[in-house]
Amino acid sequence: MSSDSSSSSSFAGNESSDRNSNPKPIGEQLESLTLAGQDQLGSGNEISNGALNRESNEEDSREIENREGDSEEVSGSVGRGVGGSSGVVWGRENSGVGVEVEVEMEVEGPPSPSSSGYAGERGSSSAASASRMDEASEVADEIQEERNDVFLEGVSDSQTSWLPGKRHVDEDDASISWRKRKKHFFVLSNSGKPIYSRYGDEHKLAGFSATLQAIISFVENGRDRINLVRAGKHQVVFLVKGPIYLVCISCTEEPYESLRGQLELIYGQMIVILTKSINRCFEKNPKFDMTPLLGGTDVVFSSLIHSFSWNPATFLHAYTCLPLAYATRQAAGAVLQDVADSGVLFAILMCKHKVVSLVGAQKASLHPDDMLLVSNFVMSSESFRTSESFSPICLPRYNPMAFLYAYVHYLDVDTYLMLLTTSSDAFHHLKDCRIRIEMVLLKSNVLSEVQRSVIDGGMRVEDLATDALPRLGSSPHLGHHRLPTDSPDRFREPVVGTGGPGGLWHFIYRSIYLDQYISSEFSPPLTTTQQQKRLYRAYQKLYASMHDKGIGPHKTQFRRDENYVLLCWVTQDFEFYAAFDPLADKAVAIKTCNRVCQWVKDVENEVFLQGASPFSW
């Protein structure tokens, strides 16, 4: 890390409302905070910049995943908003050409018996006429999906148990189970043709896609742009990208900014496969059907959508590195640099979604979002695992209009090498480069060290010493505080459920200069996938509120509810997010965050890729 970023790893004495002025101690900033008492837990109170704020919508801090099953039925308000048959109040402000406005709907009356789910043109007779046995079968499917979500959707690195690909393809907008899904994603063309749907068969959803297209066109005809529709507990988020429309319908209580960012990533994944030149096809033929061009990519999109619930990179816009000794990472980077000098645009060595080493040609920069989308494309495509591949691929943030060519080869079950070039006939050259790289990695034991790091894991809150950490210059290693496996004292560690010192449960540290982040491993009491997903949702809300341009951005934030104490600190060099036991003491939490930041600074050579140039936004 640069000297600028490494000099600001202490929680006290680095914060200021002006990033260019002398920082004010974090303890003084949070000194005036009045924490919620035992009787106030879960009240939704939050503290921002030392002032107690109650969000205007009185948002409950509890995540919707606490409720059993997918019990929330997706409201039919969108369809009824078009038909106008259920007392819907359609609020709209004419703000002129090109100005985005928020369109809100509030359902003031009971659902109309003539409405079915989203699609207003379909009656409920088809669903109502279904036999009780069919309905029981659909409920059974919901229970089975709930079990799959709990036991199959891994949130940590163990995603191998999650089954990729589209599920419930037999559903449509008349299915009760389809309407009860908590989160839908739709991609359609400006002519209303469905392109992709997370659940159900796109062809069966043609009528529903036409309804979404009609809503967007209705608002655009009034020289406005639709961004958001709220209907009860549901949010309908719209994103218009030229001739391609993207829509998310969610009742997961994620903030609007997070859902819109997810739509941006889905669109980016589409550009990775097709490039932005697909717009020309719509210019020539407005009724162009691009579905055949995306044939077989359902698994890619479903894998990306799944990552929204476990991968912090999807909202931090940063990438994470596999923890490695500095010498090991340098050895990997040296051989990649030799290849980059021979005409390769980017040389990337990755283990799952984590970067081992990355080298780019001179003046070439790879955006973290591009890295996320490319790695998702590679890991979710089984063909890349079976043989060496040479495939056209687009980097939306680098050049959305043109293909690069990626040589991909798996060196072992988890580690793979990507070599990107602008030449379409460079396969044999890149293969020779791969052979040379693989030989060096084997001789220098880099691959064995990578596998060892995967087994050992990353930073754990239990490893944070309760006493003062070593001073600068002592250069502790990542596992500095861990006991040997054969030590008898290893069996005397704190009981399960206590977390780290000061009630610390989890943390994320993001280096702004490097566009990299490090996240602690999940450990008790965050043991289930639902608990881990709930924490990521809380991080999403915290990140969105910290970066809200309308009322911020904030520098510090402290929240307490019945699930966690959440503490966030943003400086010009790093962002820090931490989750504590809900009964954790404020002063102890601040002190613990200071020690974690110092710990990250001490091991930064192992957890960050040093020398990586910052990415321009």
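The following dialogue explains how to read several features of this predicted model.

Me: What should be known about the model and its numbering before any feature is read?
Reply: This is a predicted model in which local features need pLDDT of at least 70 and side-chain atom pairs count only at pLDDT 80 or more, while totals for chains, interfaces and linings use all residues. Residues are numbered from 1 along each chain as its sequence is written, and side-chain values use heavy atoms, with hydrogens and water left out.

Me: In what order do the strands β14, β13, β17, β16 and β15 stand, and how is the pairing described?
Reply: Strands (E, at least two residues) and helices (H or I, at least four) are DSSP runs numbered from the N terminus, and two strands pair if DSSP finds at least two bridges between them. Here 5 strands make an open sheet, ordered β14-β13-β17-β16-β15, with antiparallel pairing. β14 (354-360) and β15 (389-393) are the edges; each has a single partner strand, so one side of each is left without a neighbour in the sheet. On average, neighbouring strands of this sheet are turned by 20° against each other, direction ignored.

Me: How many bridges join β16 and β17, and which helix packs on this sheet?
Reply: β16 (residues 404-410) and β17 (residues 415-421) pair in the antiparallel sense over 6 bridges; Y405 stands opposite T421 in β17. Helix α16 (residues 446-456) packs on the sheet and touches β13 (346-351), β14 and β17, where contact means heavy atoms within 4.5 Å. The direction of α16 makes about 120° with that of β17. Such angles run from 0 to 180 degrees between N-to-C directions, and axes are lines fitted to C-alpha atoms, for helices over the stretch in contact.

Me: What is the strand order of the sheet that contains β6 and β11?
Reply: This open sheet has 5 strands in the order β7-β6-β11-β10-β9, and the pairing is antiparallel. β7 (194-197) and β9 (228-231) are the edge strands, each pairing on one side only. Neighbouring strands are turned by 15° against each other on average, direction ignored. Strands β6 (residues 183-189) and β11 (residues 244-250) run antiparallel and are joined by 7 bridges, and the bridge partner of H184 in β11 is I249. Helix α7 (residues 206-221) packs on this sheet, touching β6, β7, β10 (234-241) and β11, and its direction makes about 75° with that of β6.

Me: How is the packing of α8 and α10 to be read?
Reply: Two packed helices are described by the angle between their axes and the distance between the axes. Helix α8 (residues 256-274) and helix α10 (residues 298-307) pack at about 150°, with axes 10 Å apart. That makes α8 roughly antiparallel to α10, given that angles under 35 degrees count as roughly parallel, over 145 as roughly antiparallel, 65 to 115 as roughly perpendicular and the rest as oblique. The contact is made by L265, I266, Q269, M270 and I273 of α8 together with V300, F301, L304 and I305 of α10. These residues divide into 8 nonpolar, 1 polar and no charged; Ala, Val, Leu, Ile, Met, Phe, Trp, Tyr, Cys and Pro count as nonpolar, Asp, Glu, Lys and Arg as charged, and the others, Gly among them, as polar.

Me: Which residues join α10 to α13, and at what angle do the axes cross?
Reply: The axes of α10 and helix α13 (residues 368-380) come within 9 Å and cross at roughly 125°; the two helices are therefore oblique to each other. V299, V300, S303 and L304 of α10 make the contact with L373, N376, F377 and S380 of α13. By class, this contact has 5 nonpolar, 3 polar and no charged residues.

Me: How many aromatic pairs does the structure hold?
Reply: Rings of Phe, Tyr and Trp (its six-membered ring) pair if their centres lie within 6.5 Å; planes under 30 degrees apart count as stacked, over 60 as edge-to-face and the rest as tilted. The structure holds 23 aromatic pairs. Among them, F315 and Y543 form an edge-to-face pair, 5.7 Å centre to centre with 70° between the planes. F315 lies in helix α11 (residues 313-316) and Y543 in helix α17 (residues 529-546), so the pair ties together parts that are 228 residues apart in sequence.

Me: Where do P525 and E253 lie, and what backbone features are found there?
Reply: Most residues other than glycine have a negative phi, and most peptide bonds are trans. The peptide bond from P524 to P525 is cis, with omega near 10°, and P525 lies in the loop between β19 (516-519) and α17. E253, in the loop between β11 and α8, has a positive phi of about 65° although it is not a glycine.
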